[in-house]
Amino acid sequence: KSTKEPRNVESRLVQMTAAIPQSAPILGARIQDILADIDPTFTLDDIAQEQVLYLVDDFVDKVVKQSLRLAQHRDSKTLDVTDVQLALSNSWNITIPG
């Protein structure tokens with residue numbers, strides 16, 4: 001079964017995230033799935049979806065950078081899940097169990 005052709009928004013995201021191009025179409029579809037779970041009658045146009053994807057990309061970038069700083073602070077060359085948990089907790093008040 002062949003995969004769908006990426007939409008304009010998704011293809012631009014592929015250019016932005018060349019390291020993981022296979023994830024771009026999944027993100028767009030996942031956003032639509034989450035939106036359908038909240039309100040099945042609501043749709044998100046391409047421009048709004050593009051903005052959401054940019055926000056997600058920016059958030060992930062900030063979390064990773066903060067997590068890497070924490071790993072470096074403890075003199076580690078390995079990013080650990082506790083670094084990510086601490087970064088999310090300290091900077092965004094997001095608690096991840098475990």
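**Exercise 1. The residue after α3**

Find which residue with a positive phi follows helix α3, and decide whether this residue is buried or exposed.

Solution. In this predicted model, local features need a pLDDT of at least 70 and side-chain atom pairs count only at pLDDT 80 or more, while totals for chains, interfaces and linings use all residues. Residues are numbered from 1 along each chain as its sequence is written, and side-chain values use heavy atoms, with hydrogens and water left out. Begin with the helix: α3 covers residues 46–73, where helices (H or I, at least four residues) and strands (E, at least two) are DSSP runs numbered from the N terminus. The residue sought is Asp75, which follows α3 and has a positive phi near 55 degrees. Asp75 is not a glycine, and its place is in the loop between α3 and α4. With a relative accessible area of 73%, Asp75 is exposed; buried means under 20% relative accessible area, exposed over 50%, and partly exposed in between (1.4 Å probe, protein chains only). A second residue to look up is Asn93, in the segment after α4, which has a positive phi of about 55 degrees although it is not a glycine. Asn93 is exposed, at a relative accessible area of 70%.

**Exercise 2. The span of α3**

Work out what span the 28 residues of α3 should have, and compare it with the distance between the end C-alpha atoms.

Solution. The expected span of a helix is 1.5 Å times one less than its number of residues. For α3 this rule gives 40 Å, and the end C-alpha atoms are 40 Å apart, so the two values agree. Next, look along the helix for its buried residues, which are Gln49, Glu50, Leu53, Val63, Ser67, Leu70 and Ala71.

**Exercise 3. The surroundings of Ser67**

Describe the burial of Ser67 and list the residues in contact with it.

Solution. Ser67 is found in helix α3, and with a relative accessible area of 0% this residue is buried. Its side chain reaches the backbone oxygen of Val63 at 2.7 Å; a polar contact is a pair of N or O atoms within 3.5 Å, of which, within protein, one must be able to donate a hydrogen and the other to accept it, and residues adjacent in sequence count only if both atoms are side-chain atoms. Leaving aside neighbours within four places in sequence, Ser67 is in contact (heavy atoms within 4.5 Å) with Leu79, Asp83, Val84 and Ala87.

**Exercise 4. Gln85 and the end of the chain**

Determine which residues Gln85 touches, not counting residues up to four places away in sequence.

Solution. Gln85 lies in helix α4 and, with a relative accessible area of 17%, is buried. Outside the excluded range, Gln85 touches Ile94, Ile96, Pro97 and Gly98. One of these residues, Ile96, has its backbone oxygen 3.2 Å from a polar atom of the Gln85 side chain.

**Exercise 5. The aromatic pair**

Classify the pair formed by the rings of Phe59 and Trp92.

Solution. A pair of aromatic rings is described by the distance of the centres and the angle of the planes. Rings of Phe, Tyr and Trp (its six-membered ring) pair if their centres lie within 6.5 Å; planes under 30 degrees apart count as stacked, over 60 as edge-to-face and the rest as tilted. A search of the whole structure finds one such pair. The ring centres of Phe59 and Trp92 are 5.3 Å apart and the planes are at 75 degrees, so the pair is edge-to-face. It links distant parts of the chain, with Phe59 in α3 and Trp92 in α4 (residues 81–92), 33 residues apart. Phe59 is partly exposed at 32% relative accessibility, and Trp92 is partly exposed at 31%.

**Exercise 6. Confidence along the chain**

Identify where in the chain confidence is lowest and where it is highest.

Solution. The chain has four helices and zero strands. Its average pLDDT (the predictor's confidence in each residue, from 0 to 100) is 79, and 73% of the residues score at least 70. Confidence is lowest in helix α1 (residues 8–16), at a mean of 50, and highest in α4, at 94. Over residues 13–23 pLDDT stays under 50, and the model has eight contacts beyond four places in sequence for them. Where pLDDT is low, the predicted coordinates should not be read in detail.
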